[in-house]
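Visitor: I should like to take a close look at one part of this model. Please choose a single strand, describe it in detail, and then set it in its surroundings.

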Amino acid sequence: MIIDAHMHVDDIPALGWKMGADLVVERLDEAGIDRGVVMTIVDAPEVNPNALELVAEALAAYPDRLDAFARIHPWYGDEAVALLERAFELGFKGLKLHPVSSIAHPAGEDTLRLIRIAAAHTAPTLFHCGDEPMTTPLAVAPAAEAVPEATIILGHMGGYFHVDEAIEVAERVPNLVLETSAMPYPQKIAEAVERLGAERVIYASDGPVCSPRIEVEKVRVAGLDAEAERLVLGENAQRILEAVT
Amino acid sequence: MDDAGIERAVVCPMKPRRYELGPANQHVSNEVRAHADRLVGFGRVDPNLGGDAVREAERVLDVLGLGGLFLHPWEETFRINAPFVDAVVEVARERAAPVIVAAGYPWLSEGLQIGDLARRFPEVRFVATNGGQINISGLGQTDVELAVDANPNLVLQTAGVYREDFLENVVGRFGADRLLFSSGFPYFDPRLEIRRAQWFHVSDEAKAAVLGGNAAALLGLGG
């Protein structure tokens with residue numbers, strides 16, 4: 001069982017980006033991946049008030065292949081809360097936040113409110129975690145510490161220059177999970193497994209525009225033992241997704 | 001190289017511990033001569049050093065027999081389009097030698113900054129590492145595309161690039177001759193990096209160009 005824990009469906013004419021569910025499944029098939037977790041690139045209610053519906057349509061088209069996280073903009077207060085609750089009613093399995101595009105700090109109260117709601121559903125919050133301000137491991141860690149019952153996933157596990165920092169921060173904040181998408185160093189996956197345990201590292205691609213096939217290959221090049229590779233490529237994500245209520 | 005099935009490679013000096021680039025360039029020259037069937041060397045110079053940098057660039061190309069210049073604005077700390085960089089690029093221009101730029105480093109070697117240098121030297125062939133940008137949100141990609149569009153003498157390398165569709169768009173918009181496979185070893189793993197050029201969704205002809213044909217032409221290796 002391979003699960004890709006971070007993929008996108010969206011349609012953004014201003015950027016010329018169109019990532020349909022068909023392309024997602026095509027890339028899953030190309031890489032031999034069983035299921036993918038899809039989310040939009042932009043948030044609800046702004047800049048796309050129909051973001052949840054767009055993802056729900058993808059789920060309906062491929063119920064055996066796709067799960068979903070909801071991108072919600074933390075600035076929108078009660079409206080954001082209502083959207084997140086609605087997402088869980090629609091069968092979404094988590095919350096996705098991208099602080100550098102939303103300009104909402106991970107440890108801000110608006111953000112923590114959404115994380116707490118996700119945690120009440122035993123659902124994870126996936127943060128974009130790269131090299132930009134408000135997304136680095138040290139920026140996200142206080143959110144994980146403020147809501148210790150939440151599972152906080154560091155998407156991209158620190159990007160290009162904050163990978164060592166992501167591993168260090170995860171060593172002292174136990175509810176952080178590292179997610180491998182697009183981070184370009186295979187050996188850092190092996191190091192994270194060694195230092196954190198294989199249960200705290202999950203495979204993802206950030207596809208379909210990042211290549212799931214290459215991203216799976218990256219985990220294989222890391223040279224994990226068979227049990228750790230099974231956990232990273234799918235069993236950890238399966239455990240997280242199945243716990244959601 | 002053997003693990004990844006790579007036949008030939010361009011090698012450049014790492015940052016020497018004592019910051020003396022001359023011995024490092026000499027070392028690369030020695031290694032390249034010992035493995036001439038597999039390696040092509042580029043010499044590294046620090047434009048901050050002014051006349052000394054110009055003299056080292058001349059030594060690299062005229063005495064050591066290396067194939068081009070390598071500039072690393074992040075590790076040497078200079079802005080790639082700063083006026084004082086021109087003196088070393090002029091050495092490359094006079095000898096029709098290509099210049100590799102360690103690209104994508106914030107404030108120092110961003111896509112438009114490299115484009116600005118390429119505009120000043122239209123006869124010099126510039127190669128930007130890391131797809132010209134290092135950002136896992138893709139925030140620098142549009143600026144790089146603008147630089148590539150405006151400067152026919154600028155090509156990009158594939159190592160570590162975020163988003164396969166960025167590489168596909170470079171081929172689709174600007175042509176397969178604007179992209180070179182690179183592994184970025186030892187920072188990146190050649191066994192993974194070669195997959196970016198083998199598995200991205202372009203024609204077989206384009207892949208062949210990116211994997212080797214373009215580099216062979218750039219380096220004068222005869223195909």
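Guide: The account below begins with one strand of chain B and moves outward from there. The model is predicted, with an ipTM of 0.95 and a pTM of 0.97. For chain B the mean pLDDT is 97, and 99% of the residues reach 70 or more.

The strand chosen is β7 of chain B, which spans residues 154-157. B:Leu154 and B:Leu156 point one way from this strand, B:Val155 and B:Gln157 point the other way, and all are buried. In a regular strand, side chains alternate between the two faces of the sheet.

β7(B) has a partner in strand β6 of chain B, residues 126-128, with which it pairs in the parallel sense over 3 bridges. Within this pairing, B:Val127 stands opposite B:Val155. The chain travels from β6(B) to β7(B) through helix α6, residues 141-150 of chain B, and the resulting β-α-β crossover is right-handed.

The loop between β6 and α6 of chain B holds B:Asn130. The phi angle of B:Asn130 is near 55 degrees, a positive value in a residue other than glycine. B:Asn130 is also buried, because 28 other C-beta atoms lie within 10 Å.

β7(B) also pairs with strand β8 of chain B, residues 179-180, through 2 bridges, and these two strands run parallel. Here B:Gln157 has B:Leu180 as its bridge partner. A second right-handed β-α-β unit is made by β7(B), α7(B) and β8(B). Beyond this unit, the loop between β8 and α8 of chain B contains B:Pro186. The peptide bond from B:Phe185 to B:Pro186 is cis, with omega near 10 degrees.

These pairings belong to an open sheet of 6 strands with parallel pairing, in the order β3-β4-β5-β6-β7-β8 of chain B. The edge strands are β3 (43-44) and β8 of chain B, each of which pairs on one side only. Elsewhere in chain B, B:Trp107 lies in the loop between β5 (99-101) and α5 (111-120). B:Trp107 has a phi near 75 degrees, again a positive value in a residue other than glycine. B:Trp107 counts as exposed because it has 9 C-beta neighbours inside 10 Å.

Taken as a whole, chain B has 9 helices and 8 strands. Its radius of gyration is 16 Å, close to the 17 Å that the globule rule gives for 223 residues, so chain B is as compact as a globular protein of that length. The C-alpha atoms of chain B fill a box of roughly 45 × 35 × 30 Å along the principal axes. Buried residues make up 48% of the 223 residues. Of the contacts in chain B between residues at least 6 apart in sequence, 71% join residues at least 24 apart.

The elements around β7(B) also lead to the other chain. In the interface, 16 residues of chain B are in contact with 19 residues of chain A. On the side of chain B that touches chain A, the elements giving two or more residues are α7 (164-174) and α8 (190-199) of chain B. The largest share, 5 residues, comes from α8(B). By class, this side of chain B has 6 nonpolar, 3 polar and 7 charged residues. Thus α7(B), the helix of the β-α-β unit that includes β7(B) and β8(B), is also one of the elements on the side facing chain A.

Chain A, for its part, has 10 helices and 11 strands. In chain A, 6 strands form an open sheet with parallel pairing, in the order β6-β7-β8-β9-β10-β11. β6 (70-71) and β11 (201-202) of chain A stand at the edges with a single partner strand each, so one side of each is left without a neighbour in the sheet. Within this sheet, 4 bridges join β8 (residues 125-128) to β9 (residues 152-155) of chain A, and the two run parallel. A:His128 has A:Gly155 in β9(A) as its bridge partner. Chain A also contains a cis peptide bond, from A:Ala44 to A:Pro45, with omega near 0 degrees. A:Pro45 lies in the loop between β4 (35-39) and α2 (51-61) of chain A. Of the 245 residues of chain A, 59% count as buried.

How values were computed: Residues numbered from 1 in each chain as written. Chains lettered and ligands numbered in written order. Predicted model: local features only at pLDDT ≥ 70, side-chain atom pairs only at ≥ 80, totals over all residues. Contact = placed C-beta atoms within 7 Å. Nonpolar A, V, L, I, M, F, W, Y, C, P; charged D, E, K, R; others polar. pLDDT = per-residue confidence, 0-100. Buried ≥ 20, exposed ≤ 12 C-beta atoms within 10 Å, placed from the backbone. Pairing = 2+ DSSP bridges. Right-handed = clockwise from strand over helix to strand, strands pointing away. Rg over C-alpha atoms; globule rule 2.2 N^0.38 Å.
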